[in-house]
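Subject: Structure handover

Hi there,

Here is the structure I promised to pass on to you. Please open it alongside this email, and my notes on what turned up follow below.

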Amino acid sequence: MARDKKIWIRLALFILAAAVAVGSFTHGVLSLVHRESGWYEIEPDAATRAVTYDSGIRLLYYSEGGSSAIRQETSAVQKAFSVSLLRYDKLLDAKNEFEDSVNIASIIAADGEPVFIDEALYEVLADALAKTARKQGYSVFAGALWREWETLLYLDEPQLYDPANDAHEAARIAALADAVGHEDWFSLMLADDDGFAAAFTVSREYRDFEAAYELDAPALDLNALREAYLMRLVARDMAAQGFTRGYLYTEDGLTALLDADTYRFDLLGFTDGAPVRVAALPVDGPAAFCQFTAFRPGEGQYGWYAVETEAGTLLRHPRFDARTGGFHDVLLSVALASGERDIVDLAYEAVELFAMDSRAAVQARIAQDAGTDAAWIWRDDGAKTLFTTGAVQNAGPDEAGGWSVALVHPGE
């Protein structure tokens with residue numbers, strides 16, 4: 001009897017343990033699928049990530065309601081985001097051709113023959129060509145120069161090869177920038193008479209130049225504005241489908257607000273080799289926000305480095321002047337926010353401002369911006385001051401490492 005009793009006790013304990021295990025497993029599974037109201041980082045699906053892994057575009061989306069409704073909504077948002085990102089990332093690719101997309105690479109490969117293109121690509125190229133014609137530091141024909149600096153910026157130890165330390169690299173960058181300035185070496189023809197078409201050719205002189213410098217980067221490339229154009233197209237697509245409770249962003253400073261909420265953006269300064277929050281700028285959406293810095297805005301990010309020279313510290317970043325291949329070192333950072341202008345126009349203006357060679361020129365350009373809030377820091381400002389035309393919220397000298405904020409009225 002005692003033995004039978006022990007068996008029954010052991011059996012009861014086993015059943016209890018199994019029930020606890022099943023309950024724990026069920027709770028674990030339910031916790032994985034359970035959703036609560038809040039912000040969700042929407043990842044593209046696996047097929048999209050395989051192609052767009054370096055697109056730079058991310059999506060944060062707010063979903064609320066019951067767990068099932070949230071799962072359904074975020075699933076629908078993910079599908080729409082994946083389709084849109086994949087389509088437009090392919091469309092703006094200047095290096096790779098795709099069977100299901102006539103893109104920039106297709107135009108280049110046609111070698112001067114007209115190619116029928118999507119209206120969206122036509123609009124992007126027409127806009128990039130118009131911005132190139134302004135000759136303010138951006139060129140849609142600076143693909144090779146962009147690739148050269150991109151390679152340097154993403155090296156683990158770029159200082160050794162920096163043009164300040166490597167005469168060969170300095171001469172190469174100067175030659176690439178000089179090539180961009182030869183307007184007659186490039187021809188991008190756009191037509192919208194009977195459908196949308198584009199034709200791109202380069203001169204014999206540029207082909208010889210490519211061979212001499214062993215270039216494999218396409219000259220025709222959106223380069224400094226590619227992420228902004230991609231964000232513009234995806235943002236329009238998401239809004240058209242009614243997915244507006246969130247925003248698109250990149251790690252290096254671009255944001256497209258899709259809804260009508262108010263967001264606060266940190267305005268960054270730089271102290272003791274690290275970024276610090278100087279102030280916050282409230283922005284009412286839908287709107288665009290762009291913040292470009294001459295310093296690394298986040299820990300561990302590639303694309304920025306410093307070089308120590310006898311003349312001082314040189315900051316290297318993606319905001320170089322396409323006319324010279326160099327840096328003007330007037331600005332340490334600039335941020336622009338607007339509900340009237342889109343992300344491409346703000347990004348272009350930020351590139352333009354970094355390409356200016358005096359404080360007076362920067363201030364004059366900012367003064368032209370009706371409907372735009374601006375905040376900026378001068379490159380060599382021992383006073384640690386952030387200047388702004390917008391109503392920012394000061395972080396305070398302790399939190400901001402001694403930085404202060406000065407309100408500037410447009411036109412001053």
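A residue counts as buried when its relative accessible area is under 20%, as exposed when the value is over 50%, and as partly exposed in between. By that cut-off Arg232 is buried, because its relative accessible area is 12%. Please keep in mind that this is a predicted model.

**Helix α10**

I would begin at helix α10, which covers residues 343-354. Its 12 residues span 17 Å from the first C-alpha to the last, close to the 16 Å expected at 1.5 Å a residue. How many of the residues of α10 are buried? The count is 11 of 12, so the helix is mostly covered. Among the buried ones are Ile343, Leu346, Tyr348, Glu349, Glu352 and Phe354. Asp345, in contrast, counts as partly exposed, because its relative accessibility is 27%.

Just at the start of α10 you will find Asp342, with a side-chain oxygen within 3.1 Å of the backbone nitrogen of Val344. Asp342 also forms a salt bridge with Arg232, where the closest N and O atoms are 2.5 Å apart. Asp342 sits in the loop between β13 (331-338) and α10, while Arg232 belongs to helix α9 (residues 226-240), so this pair ties together parts that are 110 residues apart in sequence. The two ends of the bridge are covered to differing degrees: Asp342 is partly exposed at 23% relative accessible area, whereas Arg232 is buried at 12%.

**More salt bridges**

Side chains of opposite charge can pair when their charged atoms come close. The model holds 24 salt bridges in total. Another one involving α10 joins Asp345 to Lys131, at 3.2 Å from N to O. Lys131 lies in helix α5 (residues 119-133), and the two partners are 214 residues apart, so the pair links distant parts of the chain. Lys131 is buried, with a relative accessible area of 7%.

Glu349 of α10 has a partner as well: Arg365 forms a salt bridge with Glu349, the closest N and O atoms being 3.7 Å apart. Since Arg365 lies in helix α11 (residues 359-367), the pair ties together parts that are 16 residues apart in sequence. Both Arg365 and Glu349 are buried. They also belong to a network of salt bridges that links Arg134, Arg341, Glu349, Glu352, Arg365 and Asp369.

**An open sheet**

Strands of a sheet pair through backbone hydrogen bonds, either parallel or antiparallel. Here, 3 strands make an open sheet with antiparallel pairing, in the order β3-β5-β4. β3 (115-116) and β4 (186-191) are the edge strands, each with a single partner, so one side of each has no neighbour in the sheet. β4 pairs with β5 (residues 197-202) over 6 bridges in the antiparallel sense. As one example, Leu188 has Phe200 of β5 as its bridge partner.

**A surface patch**

Which residues form a nonpolar patch on the surface? They are Leu155, Leu160 and Tyr161, with about 290 Å² of accessible area together. Tyr161 is in the loop between α6 (143-153) and α7 (167-180). At 42% relative accessibility, Tyr161 counts as partly exposed.

Happy browsing, and all the best!

Conventions:
Residues are numbered from 1 along each chain as its sequence is written. This is a predicted model: local features need pLDDT of at least 70, side-chain atom pairs count only at pLDDT 80 or more; totals for chains, interfaces and linings use all residues. Side-chain values use heavy atoms; hydrogens and water are left out. Helices (H or I, at least four residues) and strands (E, at least two) are DSSP runs, numbered from the N terminus. The expected span of a helix is 1.5 Å times one less than its number of residues. Buried means under 20% relative accessible area, exposed over 50%, partly exposed in between (1.4 Å probe, protein chains only). A polar contact is a pair of N or O atoms within 3.5 Å; within protein, one must be able to donate a hydrogen and the other to accept it, and residues adjacent in sequence count only if both atoms are side-chain atoms. Patches are made of residues with over 30% relative accessible area and no salt bridge: like charges are joined within 9 Å, nonpolar side chains (Val, Leu, Ile, Met, Phe, Trp, Tyr) within 5 Å. Accessible areas come from the Shrake-Rupley method with a 1.4 Å probe; for residues, only the protein chains shown count as cover. A salt bridge is a side-chain nitrogen of Lys or Arg within 4 Å of a carboxyl oxygen of Asp or Glu. Two strands pair if DSSP finds at least two bridges between them.
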